[in-house]
Amino acid sequence: MKPASTSGVLERNRSRWGWAFTAPGLVFFGLFSFYPILNAIWTSFFNKKLLSLRPPKFIGFQNYARVLGSEDFWNSVRATAVFTTGVFVPLFTLSLLLAVFIASRKRFRRLFQMALYSPAVLSSVVAALIWLLLLDPRGLANQFVNLVAGTPGVDRRWLSDGTMVQVSTMIVYVWKYVGYFTILFITGIGKIPESVYEAAVIDGAGPVQRFFRITLPLLRPTTVLVSVMILIQCLKTFSTQYLFTQAGAPVGPVNVITLNIYNTAMRDLNLGRASVMSTLLFLFMLGLTWVQLRFSRRDEVEL
Amino acid sequence: MTSRLGALRPGEILGSAAALAFLAAACLLVLVPLVFMAGASFMPALDILKMPYRWIPQTWKPANYLRALAGNDGNWMYLRNILNSLIVSSSIAVSTVFLSSLVGYGLAKFRFKGSQVVFLLIMATMMIPFETVMIPLYMITVKLGLQDSYAGLIVPFLMNAFGVFLMRQYLITFPGEILDAARIDGCSEPRIFREIVFRNAGPAAATLAVLSFRQQWDNLLWPLLVAQREEMKTIPAYIVKFAAEKHADEGAMMAVAVIASLPVFALFFGLSKYFLGGSAVYSAGKE
């Protein structure tokens, strides 16, 4: 038996080392996460301009009033919401469907997964660049659609028409991430006990019934995770819109919130207003994460 | 997986065939743009935007790759930018693995007053997306005079909360007896970490390294803010500039894309068993 005092010293020693090991993390996240977010909130109350020599002045909620009263901001909210919805529905449905199909295959599962996942490996900018050429008026997208629809020689104006350019950004995104979310779903399906399916087959349940009565309900932890991940990813979308607009596509229709923050800060040099948008985006995503946490907790309890 | 389909009825066989057709079609459609990229990178611009498109190059033009590397104005800036991307992405991969294991180890194996709070604080930063803090971070960088420097490109990403979480979860299962035995032998805590813990963090560390590398390889937003000078740009920013130039050659564009994708494809196919296995994938798309 050790005397109590020795173990007390050991205890104190251990605790000191615990702090020593975690200190780099505390310093880092303090400097590069907590300070900046507080700074963004703080700056949103000042008329701060990049490159301006005048000291920033406190203007209360004026930035918020200006941003919330500007058509430009609401257009960005619209663009982001349209993009998110337009990506969410096909991305979720397709990846779930593909996952169910792949999970029910005996052979070539790995091959299918690899093929579907491969675009996710690419950089977002590379993905957008490939599609920039595919969506060219003379490109493959027009040729393919015209072949399927039997309308030779029609230009769908993928990158020049306001509505079409939004569709184009959604296509790029769904294409890039469908394999990634398929694999998440496959992992989720793999966790469903085989015996449940066996029992269902004995009871005479067909594949459609098995999907709606077993797979879908038991997959709920994964569906919640995937939903929130798609939402959060879509809210942060930037690269595709940036490349397309730099290459000449109209900005308005695809001026998503991140693109707007970037342009407000770097082109208009208005840090105050950019910070307002950052703060609003942060609060919105905080809400989303909260929802995610609540749901995932409940699932843990249920299972 | 046999029982998942069970005994097949005629209707199910038909359904299964339809499912297979759907799967095959989806895979083909997904692969088309990649095949296009590879093929077009060897074609003259005129052939790329020709109707109807021919998948196999009629005239081969490997000079596209030369043009891609030399750039539209022939200053070979792409080479420099590739080097920048390699430097930035690998430094971040190394530091993320090292620092995350350090902090993760501290949180996994040391119970001290406030350790729970520290853990929660670090996890809370996952709720602060980079996009919302990039402007203040940019201002800090300017204030410190770190624009157009490797430090400016690297420092904000030295580690991340996901990495800490991953390493903590991994190291929490590390047998404490080994650590205690080393302590009794008089091994100092830093040495225990270096010689025993870090050396045995293999699989988790490798996953984290690849994910961090890929994530930075893809990073456009931050280099766009911080690197104004051409020499300090990274690949994504170079690609945007290259593609937006009026006289950009489509073949060279695809060559640029292929070059940018080679390292990440090599990593992915080399380590595909980790990526398709499950857990690692959960974060691959995190930006």
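**Loops, patches and salt bridges in a predicted two-chain model**

B:D148 sits in the loop that runs between α7 (130–143) and α8 (150–154) of chain B. The model is a predicted one, and in it the backbone at B:D148 takes a positive phi, near 55 degrees, in a residue other than glycine. As for cover, B:D148 counts as buried, because its relative accessibility is 18% and the cut-off for buried is under 20%.

Chain A has a loop residue of this kind too. Phi of A:L269 is near 60 degrees, again a positive value in a residue other than glycine. A:L269 belongs to the loop between α12 (257–266) and α13 (271–302) of chain A. With a relative accessible area of 25%, A:L269 is partly exposed. A glycine with positive phi turns up as well: A:G150, with phi near 65 degrees, follows α6(A).

Now to chain A as a whole. Its secondary structure comes to 13 helices and 0 strands, so the order of elements from the N terminus on is simply α-α-α-α-α-α-α-α-α-α-α-α-α. The radius of gyration of chain A is 25 Å, whereas the globule rule gives 19 Å for 303 residues; the chain is therefore more spread out than a compact globule. Its C-alpha trace spans about 70 × 70 × 30 Å along the principal axes. Even so, 53% of the 303 residues of chain A count as buried.

One of the buried residues is A:T240, whose relative accessible area is 5%. A:T240 is part of helix α11 (residues 239–246) of chain A. A:T240 and A:V126 lie 114 residues apart in sequence, yet their C-alpha atoms are 9.1 Å apart in space.

Helix α6 of chain A shows both covered and uncovered residues. On the buried side of the tally are A:L140, A:A141, A:N142, A:Q143 and A:N146. On the surface, A:F144, A:L147 and A:V148 join B:L29 in a nonpolar patch, and the four together have about 460 Å² of accessible area. Helix α6 (residues 140–149) supplies the largest share of this patch, 3 residues. A handy reminder here is that an α-helix has 3.6 residues a turn, so residues three or four places apart point the same way. Within the patch, A:F144 lies in helix α6 of chain A and counts as partly exposed, with 46% relative accessibility.

A second surface patch carries charge. A:K49, A:R54, A:K57 and A:R66 make up a positive patch. Of these, A:K57 is placed in the loop between α1 (4–43) and α2 (62–68) of chain A. A:K57 is exposed, because its relative accessible area is 53% and the cut-off for exposed is over 50%.

Then there are the charged pairs. Side chains of opposite charge can pair when their charged atoms come close. Over all chains, the structure holds 15 salt bridges. One of them joins the side chains of B:D249 and B:K61, at 3.7 Å from N to O. That pair links distant parts of the chain, 188 residues apart: B:D249 is in the loop between α14 (235–244) and α15 (250–270) of chain B, and B:K61 is in the loop between α3 (45–48) and α4 (63–70) of chain B. The two ends differ in cover, since B:D249 counts as buried at 13% relative accessibility, whereas B:K61 is partly exposed at 27%.

Another bridge brings together the side chains of B:K241 and B:E230, with 3.7 Å between N and O. B:K241 lies in helix α14 of chain B and B:E230 in the loop between α13 (221–226) and α14, so the pair ties together parts that are 11 residues apart in sequence. B:K241 counts as partly exposed at 27% relative accessibility, and B:E230 is partly exposed too, with a relative accessible area of 24%. B:K241 also forms a salt bridge with B:E245, where the closest N and O atoms are 3.3 Å apart. These contacts belong to a network of salt bridges that links B:E230, B:K233, B:K241 and B:E245.

Methods:
Residues are numbered from 1 along each chain as its sequence is written. Chains are lettered from A and ligands numbered from 1 in the order in which they are written. This is a predicted model: local features need pLDDT of at least 70, side-chain atom pairs count only at pLDDT 80 or more; totals for chains, interfaces and linings use all residues. Side-chain values use heavy atoms; hydrogens and water are left out. Patches are made of residues with over 30% relative accessible area and no salt bridge: like charges are joined within 9 Å, nonpolar side chains (Val, Leu, Ile, Met, Phe, Trp, Tyr) within 5 Å. Accessible areas come from the Shrake-Rupley method with a 1.4 Å probe; for residues, only the protein chains shown count as cover. Lys and Arg count as positive and Asp and Glu as negative; His and the chain ends are not counted. The place of a charge is taken as NZ of Lys, CZ of Arg, CG of Asp or CD of Glu. Helices (H or I, at least four residues) and strands (E, at least two) are DSSP runs, numbered from the N terminus. Buried means under 20% relative accessible area, exposed over 50%, partly exposed in between (1.4 Å probe, protein chains only). The radius of gyration is taken over C-alpha atoms; the globule rule is 2.2 Å times the number of residues to the power 0.38.
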